[in-house]
Amino acid sequence: MAFKSKIKTIEWVDNVSRMIDQTILPKEFKLVDIKTCEEMYDAIKTMIVRGAPAIGIAGAHGVALAALEAKKSVQNRKDFDKIIREKGEYLKSSRPTAVNLMWAVDKQLELLSEDCPIDEITQKLIDNAVVMENEDIEINKRMGDFGAEIVPKGATILTHCNAGALATVGYGTALGVVRSAYAKDPTIKVFADETRPRQQGARLTTWELTEDGIDTTLITDGMCSYFMNKKMIDVVITGADRIAANGDAANKIGTYTVAISAKYHNVPFYIAAPLSTIDRSIKSGKEIKIEERNREEVTHINGDWICSEKVNVINPGFDVTPNELIAGIITEKGILRPPFEQSIKKAFEE
Ligand code: MRU
């Protein structure tokens with residue numbers, strides 16, 4: 001099921017949100033229909049849909065689903081708006097780190113300032129969700145075009161987690177750059193970190209890249225320094241879940257280690273992320289809330305214990321890469337360079 005075909009990771013179809021179930025890939029390719037706001041909360045929390053831009057669109061769809069439900073039970077805009085605001089906050093609480101979720105839900109809630117009947121505002125919330133869905137792909141393609149410039153001919157790109165078509169509506173952020181670079185130069189290669197504990201790199205990145213015919217090598221998370229030392233990695237590109245105003249970037253746990261190793265080995269480390277991933281309300285990465293996930297993700301593989309049952313476990317889902325380790329942030333407005341305080345501010349002013 002190649003991504004060259006037009007399948008979207010998440011799509012609004014006939015008043016439901018249809019999405020690829022990412023918990024069972026690559027073993028099984030299955031589409032699920034999410035019909036209520038509560039089902040959407042669970043889909044985000046259990047990571048049927050995951051990846052910062054994709055959960056943003058899921059949040060926007062969730063608000064539209066809430067509106068379809070609410071219009072059946074309330075008669076006036078005041079009661080309707082109250083329900084939608086509460087459901088919006090509920091959706092935002094499903095995962096804490098990726099700011100795209102808060103950004104997309106808030107964009108939906110802003111529409112409530114429009115004075116119109118319930119049917120009309122419901123339709124506006126649906127239309128807005130669909131616009132955001134389609135814009136996501138366009139933005140990724142723009143990012144891909146800018147980002148392809150920093151990929152040397154015949155380069156090997158290391159990536160961590162899955163910042164691909166599956167983490168967005170389509171095309172991808174970091175893997176969107178890979179796709180655009182590959183379109184110009186099919187000799188490029190990708191090294192994909194497996195990405196413990198949920199193995200988004202192994203399960204999702206290797207699947208979507210090999211489906212598109214891109215030469216991909218799977219490595220375990222501890223191997224990146226070994227390959228950088230052997231000069232087998234030319235550039236690192238990852239996605240991000242939240243970027244502070246100073247350029248500090250939260251991404252899947254393990255990204256920070258890769259960035260430190262890249263600095264040591266003089267390998268440029270880039271983040272590819274849309275402007276909706278930048279949270280200008282926070283000055284630095286210290287203010288980013290890091291999701292703590294359950295211990296079973298670490299203690300079990302495929303339902304089996306892999307360690308002593310008495311062991312302590314800590315399972316942060318993300319880490320923050322300090323801005324001084326980042327060569328550039330690839331966005332839909334171009335590549336932002338250090339000092340990021342200035343380049344980020346300028347990108348929002350343009
Ligand atoms: O826990 P996940 O799978 O949602 O984490 C995803 C990542 O960390 C991605 O790298 C990030 O969201 C960027 S996706 C374009």
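Trainee: What makes the pairing of asparagine 251 with the ligand a polar contact?

Mentor: An N or O atom in the side chain of asparagine 251 is 2.6 Å from an oxygen atom of the ligand. A polar contact is a pair of N or O atoms within 3.5 Å (within protein, one must be able to donate a hydrogen and the other to accept it, and residues adjacent in sequence count only if both atoms are side-chain atoms), so the pair of asparagine 251 and the ligand qualifies. The model is predicted: local features need pLDDT of at least 70 and side-chain atom pairs count only at pLDDT 80 or more, while totals for chains, interfaces and linings use all residues. Residues are numbered from 1 along each chain as its sequence is written, and side-chain values use heavy atoms, with hydrogens and water left out.

Trainee: Which atoms of alanine 52 and arginine 95 are involved with the ligand?

Mentor: Alanine 52 places a backbone N or O atom 2.8 Å from a ligand oxygen. For arginine 95 the N or O atom belongs to the side chain, and its distance to a ligand oxygen is 2.8 Å.

Trainee: Which residues come nearest to the ligand?

Mentor: Arg50, Ala52, Arg95, Asn251 and Lys252, out of 18 residues around the ligand (a heavy atom within 4 Å).

Trainee: Why is the pair of glutamate 291 and arginine 95 called a salt bridge?

Mentor: The closest N and O atoms of glutamate 291 and arginine 95 are 2.8 Å apart. A salt bridge is a side-chain nitrogen of Lys or Arg within 4 Å of a carboxyl oxygen of Asp or Glu, so this pair meets the cut-off. One salt bridge is counted between domain 1 and domain 2, and 21 are found in the whole structure.

Trainee: Why does the pair of glutamate 69 and lysine 87 tie parts of the chain together?

Mentor: Their closest N and O atoms are 3.7 Å apart, and the pair forms a salt bridge. Glutamate 69 lies in helix H2 and lysine 87 in helix H3 (residues 77-92), so the bridge joins parts 18 residues apart in sequence. Helices are DSSP runs (H or I, at least four residues), numbered from the N terminus.

Trainee: What are the bounds of the two domains, and where do those come from?

Mentor: Domain 1 covers 10-140 and domain 2 covers 145-349; the bounds come from an automatic or database domain assignment. The contact (heavy atoms within 4.5 Å) takes 29 residues from domain 1 and 32 residues from domain 2.

Key
Helix = DSSP H or I, 4+ residues; strand = E, 2+ residues; numbered from the N terminus.
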